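Hello,

Here is the structure I promised to pass on. Please open it alongside this message; my notes follow below.

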Amino acid sequence: MDMDRRGFLECMAWVGTGVVWTAAGGVLSSRTLAQAAETPAGGDFGFVQISDTHIGFKGEANKDVAATLGEAIARINALPTRPAFVLHTGDLTHAQKPGAFDAVAEMLKSVKTERVFYVPGENDVFLDGGKDYLARYGKGTVGGKGWQSFDHRGVHFVGLVNVESYKAKGLGSLGAEQLEWLEDDVRKLSSSTPVVVFTHVPLWAVYAKWGWATDDSEQALGYLKRFGSVTVLNGHIHQVLQKVEGNVAFHTAMSTAFPQPAPGSAPSPGPLKVGDDRVRTLLGLREVRYIQGRGPLAVVDSTLA
Amino acid sequence: MNARILIGGALLAVGAIVAGPAAPGAAGSTPQVAIENFRFTPSTLTVPTGTTVTWVNHDAEIHTVTSPAGAFASPALETDEKFSFTFNAPGIYAYFCALHPQMRSTVVVQ
């Protein structure tokens, strides 16, 4: 427990200073030795997470969200090692604005990677219950419902949808059917398999008052408890926050579109206006690297500034 | 249910506006609910049966006025856009914003 607490404190210091590169490795490496022995065979690889592109947003906080997404794509394409794939953790569009899904798809065609995996955000599904989103991205997901899992070089990836019944309690929600699927999906895996979960709304209670939590996340995390390394990647709150709980590391990601206030620091979670000169210091992307024999995944957030 | 849905203020020629906490609107008047700072104000509105209630979004963010029971659902309301619904049956109507479901409120129809 001491190790986890130290890891958490280091992480909070890291969040406070905004220095991401070295300390991000520090948080994770505090658990590296313990888990190295459990690392399964598999090659090194890296992947990228982008989130909350909000194409269609035209507010004061960022008048050109297509430009900042373009900059994020340029960063991805300039990485020294081509990412195996890209995860988009939702809110592709801003409120399902007409043409927004097409615009996102067109822009992401230029990403140099094998594939982009998606989970929806509430902005992508609230108007039509996910009809348009699933018509585009439901193919190959479980029952066409948007959630899915896949394996890559010994790492098990699970994409979860927690915005379909978002309205239930004012929080994200996975629902009984998806939970049942998740339990079954991970049952066959050895406990030494590294697991990466990606979803939109946080799976830990960041700030329930603003809906920054998932009401049945405890149940999902219960199914993942036995695994030596679980990394949870999400978006929704447009800022980097981290938490380590047992073997589970939670990482919320920056948006490429606009920042949001720190939990509870403003009257509402509306877009944070920081001025054109500063906004790129709060927008960005995330690279995650898995190094064979080195245990947990290294998560590195970088801004567009 | 005879719901009249007026969008974007195009048909909102009615001038009589009643707002304020639990202000009972006289039948035929159009009480307003302000959507501001991610809140519905007043948070509870009590009106007689047959009242048309109008919501106005004053936020820079998009919001909706959505009944989880399906009684009414606005489209995405941009800044200054309005949505109206006529309550023809008594009852307690809870609603929320589908984009920000922590925003919740109630219309009580007597």
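**What I found**

Buried residues account for 46% of the 110 residues in chain B. Please keep in mind that this is a predicted model.

Chain B first. Its secondary structure amounts to nine strands and zero helices. Read from the N terminus, the order is β-β-β-β-β-β-β-β-β. Take the contacts in chain B between residues at least 6 apart in sequence: 49% of them join residues at least 24 apart. The exposed area of chain B is about 4,700 Å², with 56% of it supplied by carbon and sulfur atoms.

Now chain A. It has 11 strands and nine helices. Of its 305 residues, 57% are buried. Among contacts in chain A between residues at least 6 apart in sequence, 74% link residues at least 24 apart. Chain A exposes about 12,300 Å², and carbon and sulfur atoms provide 54% of that area.

A word on confidence. Chain A has a mean pLDDT of 86, and 84% of its residues reach 70 or more. Residues 1-42 of chain A are another matter: the pLDDT there is below 50. In the model, this stretch has 69 contacts beyond near neighbours in sequence. Where pLDDT is low, the predicted coordinates should not be read in detail.

Next, the cores. The largest nonpolar core holds 59 residues. Those with the most contacts inside it are Ile50(A), Leu108(A), Leu182(A), Val197(A), Leu224(A) and Val232(A). Helix 4 of chain A, residues 65-77, gives the most to this core, with five residues. A second, separate core has 26 residues, including Ala95(A), Trp55(B), Tyr93(B) and Val109(B).

Two residues of the largest core deserve a look. Ile50(A) sits in strand 1 of chain A, residues 45-50. Ile50(A) counts as buried because its relative accessibility is 1%, and the cut-off is under 20%. Neighbours within four places in sequence aside, Ile50(A) contacts Leu69(A), Ile76(A), Val86(A), Leu87(A), His88(A), Thr89(A), Leu108(A) and Leu285(A). One of these partners, Leu69(A), is 19 residues from Ile50(A) along the chain, and their C-alpha atoms are 9.1 Å apart. Val232(A), with the same neighbours left out, is in contact with Val197(A), Leu203(A), Leu221(A), Val248(A), Ala249(A), Phe250(A) and His251(A).

Then a helix pair. How do helix 8 and helix 9 of chain A pack? Helix 8 (residues 176-187) and helix 9 (residues 217-224) of chain A meet at an angle of about 10 degrees, and their axes are 9 Å apart. Helix 8 of chain A is therefore roughly parallel to helix 9 of chain A, as angles under 35 degrees count as roughly parallel. Helix 8 of chain A makes the contact through Leu179(A), Leu182(A), Glu183(A) and Val186(A). From helix 9 of chain A come Gln219(A), Ala220(A), Tyr223(A) and Leu224(A).

Last, a loop residue. Ala257(A) lies between strand 9 (248-252) and strand 10 (284-290) of chain A, in the loop. Is Ala257(A) buried or exposed? Ala257(A) has a relative accessible area of 0%, so it is buried. Beyond neighbours within four places in sequence, Ala257(A) touches Asp52(A), Thr53(A), His54(A), Asn62(A), Val65(A), Thr68(A) and Leu283(A). The C-alpha atoms of Ala257(A) and Arg280(A) are separated by 9.2 Å, with the two residues 23 apart along the chain.

Best wishes

Key. Residues are numbered from 1 along each chain as its sequence is written. Chains are lettered from A and ligands numbered from 1 in the order in which they are written. This is a predicted model: local features need pLDDT of at least 70, side-chain atom pairs count only at pLDDT 80 or more; totals for chains, interfaces and linings use all residues. Side-chain values use heavy atoms; hydrogens and water are left out. pLDDT is the predictor's confidence in each residue, from 0 to 100. Contact means heavy atoms within 4.5 Å. Helices (H or I, at least four residues) and strands (E, at least two) are DSSP runs, numbered from the N terminus. Buried means under 20% relative accessible area, exposed over 50%, partly exposed in between (1.4 Å probe, protein chains only). Accessible areas come from the Shrake-Rupley method with a 1.4 Å probe; for residues, only the protein chains shown count as cover. A nonpolar core is a set of buried Ala, Val, Leu, Ile, Met, Phe, Trp, Tyr and Cys residues joined through side-chain atoms within 4.5 Å. Axes are lines fitted to C-alpha atoms, for helices over the stretch in contact, and angles run from 0 to 180 degrees between N-to-C directions. Angles under 35 degrees count as roughly parallel, over 145 as roughly antiparallel, 65 to 115 as roughly perpendicular and the rest as oblique.
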